[in-house]
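Let's walk through this protein together, beginning with one of its sheets and working outwards from there. Keep the model open beside the text as you read.

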Amino acid sequence: MAKKYAIEAEMRVGTGKGVARTLRRANLVPAVIYGDKKEPINITLPAKETNLEYNKGHMFNTLCDVKVGNDTHVVLARDVQLHPVKDIVEHVDFLRVTAKTKIVVGVHVNFLNEEECIGIQEGGILNTVRYEVELACSATNIPESVDIDLTNFSLGDAIKLSDAKLPAGATSAVDRDITIATIAAPRAAVVEEDAVEGEEGAEGEEGAEGEAAEGEGEEKAEGDAE
């Protein structure tokens, strides 16, 4: 069963910027619950608890039980508005969800067996391109992570979404096989190779200059002899 958090709310009377400012001064956050073919309801949330949950980084992919009076609504945060300077929550949009609700969420990528990875044992470095991927799934069965076993990847390999074992009931939300990470060569090795190539090029140029100078000297000597 998907993880949940809970928060208590109160019905909100009135809308608009003036009402919202008054609520925020009272340490309350305006919010709305919509969806599931039901009428939207306007609510207020306690600012401290709301900001705490937001800063945990899980509001967009973790279900929430919002208790309003005697009713409890199973919801998922779909939009959070922040103060442009203070970076605190100013408004939350919640979507009512059921087992039939299909959503797209960002899911954290978890790399397994990094120490046993062939490419890393050869001196490679795990270069992460995406720390999370977008999956389509049931709102009541959101995966906690996408796991990728690194054991058999070699130096220079690209790790694609198709290399991951997606959780049951979840599919990719994009229509292409995206790159999640690569096993890259160490930066020091690349720099050394570039330096060697540069030295070889410089030696070649010096040799060419020396030959040209010798040729000019011979021509001058012949001219003096005449």
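**A sheet and its surroundings**

Four strands, in the order E10-E7-E9-E12, make up an open sheet with mixed pairing; strands (E, at least two residues) and helices (H or I, at least four) are DSSP runs numbered from the N terminus, and two strands pair if DSSP finds at least two bridges between them. Strand E10 (146-149) and strand E12 (171-172) are at the edges with a single partner strand each, so one side of each has no neighbour in the sheet.

Before going further, a word on the source: this is a predicted model, in which local features need pLDDT of at least 70 and side-chain atom pairs count only at pLDDT 80 or more, while totals for chains, interfaces and linings use all residues. Residues are numbered from 1 along each chain as its sequence is written, and side-chain values use heavy atoms, with hydrogens and water left out.

Now look at the edge formed by E10. Strand E7 (residues 102-112) runs parallel to E10, and 4 bridges join the two. Asn110 has Asp147 as its bridge partner in E10, and Phe111 stands opposite Ile148. In a regular strand, side chains alternate between the two faces of the sheet. E10 shows this alternation: Val146 and Ile148 point to one face and are buried, whereas Asp147 and Asp149 point to the other and are not. Here buried means under 20% relative accessible area, exposed means over 50%, and partly exposed lies in between (1.4 Å probe, protein chains only).

Where do the residues with the most contacts inside the largest nonpolar core sit in the sequence? They are Phe111, Val133, Ile148, Leu150 and Ile159, in a core of 28 residues. A nonpolar core is a set of buried Ala, Val, Leu, Ile, Met, Phe, Trp, Tyr and Cys residues joined through side-chain atoms within 4.5 Å. At least two residues of this core come from each of E7, strand E9 (132-138), E10 and strand E13 (179-184), and E7 gives the most, with 5 residues. Apart from this core lies another, of 20 residues, including Ile7, Ala31, Ile43 and Ala47.

Leu150 is worth a visit of its own. Leaving out residues up to four places away in sequence, Leu150 touches Phe111, Leu112, Asn113, Glu114, Cys117, Leu126 and Ile159, a contact being heavy atoms within 4.5 Å. Asp163 is 13 residues from Leu150 in sequence, with 9.5 Å between their C-alpha atoms.

Asp163 itself lies in the loop between strand E11 (158-160) and E12. Because its relative accessible area is 37%, Asp163 counts as partly exposed. A polar atom of the Asp163 side chain lies 2.8 Å from the backbone nitrogen of Lys160. Beyond four places in sequence, Asp163 touches Phe153 and Ala158.

Elsewhere, His73 lies in strand E5 (residues 71-82). His73 counts as buried because its relative accessibility is 16%. Among its contacts more than four places away in sequence are Ile33, Cys64 and Arg96. Cys64 is buried too, at 0% relative accessibility, and Cys137 is buried at 2%. How many disulfides does a search of the whole structure find? The count is 0, taking a disulfide as a pair of cysteine sulfur atoms within 2.5 Å.

Stepping back, the protein has 4 helices and 13 strands, and 32% of its 226 residues are buried.

Key
A polar contact is a pair of N or O atoms within 3.5 Å; within protein, one must be able to donate a hydrogen and the other to accept it, and residues adjacent in sequence count only if both atoms are side-chain atoms.
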